[in-house]
Amino acid sequence: MALGGAFCVLCGAEGELTTERLCIPCFKQRTTLSKLPETVQGYRCPKCMMYLHAKRWGHHTDEEYQEGLIEEVLEVDGRTNALGIAMLHQPIDDRNTRISVQVSGFIEEIEFETIHSTMVRISNAVCPTCTRKAGNYFEATVQLRSSGRRLGEDEVKAVRTTFDNYIDSIDPDPLFFINNEGDVPGGYDMVLGSKALARGWTKHLLRKFGGTSKETNSIVGRKDGEDLTRLTISYRKPAFDIGDVIRRKDRYWLIYSWQKEGAVITAVDRQERTGLTWRDLEKTTVVSRYVEQIDVELLNRDSSAAEFMDTNDWKVKTVSLPYDDDGIQSSIRIGFIGDEWVALPAITGGANDE
Ligand SMILES: [Zn+2]
Ligand SMILES: [Zn+2]
């Protein structure tokens, strides 16, 4: 051994030494690249199949979840550079998966590699959402109604669909669930886990379909010295669609567009447009729904009237031309109002005013 020559403080070997003055074999022996427990515990809700990870419940694929759990408990030496982690999943049964974890990296420029084998075990745990659902927990009811008439089946469907879109567009919350839903006389009820959800969705409906909403709170008990309340929101979708004909002041009007305060209506008999508040609309009834109106081909026409074939009884009928008739159009839209067919002016341009 040369005097003053560098040597390993553990075994005395000379040659390449680390900053701690250890030879490579001694450094490798004293260094642990990574540690992983032999078993890793995960939790899955048996009702909704959500997984618990980092104190949050959510939907993950099995592999994604297992990898997340392992990354959480895997300890890697803080000095590691160029860390690489690879995993191999071997499902044993529905609850157990053996996972080989290969960890590689450089410490003090010396290459390390460890292969761990661990068992990921999934146990059942009912998530807070399912616990509340099972306990019939709810905070709010949104009553979907129509003003003036029964909410149609197609309307219920259109309104209900917006709920799924809305809940997908907001941050998840354990209380954002449907407790119950279904048809009731006059409309449809949605019983929801959260007041905030009920309010948020109602706002969404008002923007999309117009209409009005009314909130009622009822006290259902006390908890921790505070009143427990339940919220009921009655949402009234306008009983009208763009193109519906209403009767107002003994004249017929078409719903032209929605605005925040109500609707813009346009007269059937002459060029005239006006606004109608929701309150006014509620006092109005539809005399011809847009979906029940038809487009007919004109057989003959003169300056003020035209003939068409009524396919209900296969008879030729006469109808007065609409005020906006251009003298050459070959078809017109008509609605059966009272006991006769009425030609309707075109309402191009009418739309939801968002
Ligand atoms: Zn040594
Ligand atoms: Zn659940």
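1. Start with two cysteines: in this predicted model, Cys-45 and Cys-130 are both buried. For Cys-45 and Cys-130, that puts the relative accessible area under 20%.

2. Both also belong to a metal site. The zinc ion (ligand 2) is held by the SG atoms of Cys-45, Cys-48, Cys-127 and Cys-130, at 2.2 to 2.3 Å. The angles among the four donor atoms run from 105 to 113°, and the site is tetrahedral.

3. Have a look at how the donors of this zinc ion (ligand 2) are spread along the chain: the spacing is C-x2-C-x78-C-x2-C. Cys-45 sits in the loop between strand 2 (39-44) and strand 3 (51-53), while Cys-130 is in helix 3 (residues 128-134), so this pair ties together parts that lie 85 residues apart in sequence.

4. Now to the sheet with strands 20, 21 and 22. It is open, with the strands in the order 20-21-22 and antiparallel pairing. Strand 20 (300-301) and strand 22 are at the edges with a single partner strand each, so each has one side without a neighbour in the sheet. Between strand 21 (residues 305-310) and strand 22, the antiparallel pairing covers six bridges.

5. Within that pairing, Met-309 is opposite Val-316 of strand 22; strand 22 itself spans residues 315-320. Both residues turn up again on the surface: together with Leu-299 and Trp-314, Met-309 and Val-316 make a nonpolar patch of about 420 Å².

6. Why can Val-316 count towards a patch although it is not classed as exposed? Its relative accessible area is 48%, which makes Val-316 partly exposed, and patch residues need over 30%.

Definitions and conventions:
Residues are numbered from 1 along each chain as its sequence is written. Chains are lettered from A and ligands numbered from 1 in the order in which they are written. This is a predicted model: local features need pLDDT of at least 70, side-chain atom pairs count only at pLDDT 80 or more; totals for chains, interfaces and linings use all residues. Side-chain values use heavy atoms; hydrogens and water are left out. Patches are made of residues with over 30% relative accessible area and no salt bridge: like charges are joined within 9 Å, nonpolar side chains (Val, Leu, Ile, Met, Phe, Trp, Tyr) within 5 Å. Accessible areas come from the Shrake-Rupley method with a 1.4 Å probe; for residues, only the protein chains shown count as cover. A salt bridge is a side-chain nitrogen of Lys or Arg within 4 Å of a carboxyl oxygen of Asp or Glu. Helices (H or I, at least four residues) and strands (E, at least two) are DSSP runs, numbered from the N terminus. Buried means under 20% relative accessible area, exposed over 50%, partly exposed in between (1.4 Å probe, protein chains only). Donors are N, O and S atoms within 2.8 Å of the metal (3.2 Å for Na, K and Ca); water is not among the atoms, so sites may look incomplete. Four donors count as tetrahedral if all angles lie between 85 and 135 degrees; four count as square planar and six as octahedral if opposite donors are over 155 degrees apart and all others between 65 and 115; anything else is irregular. Two strands pair if DSSP finds at least two bridges between them.
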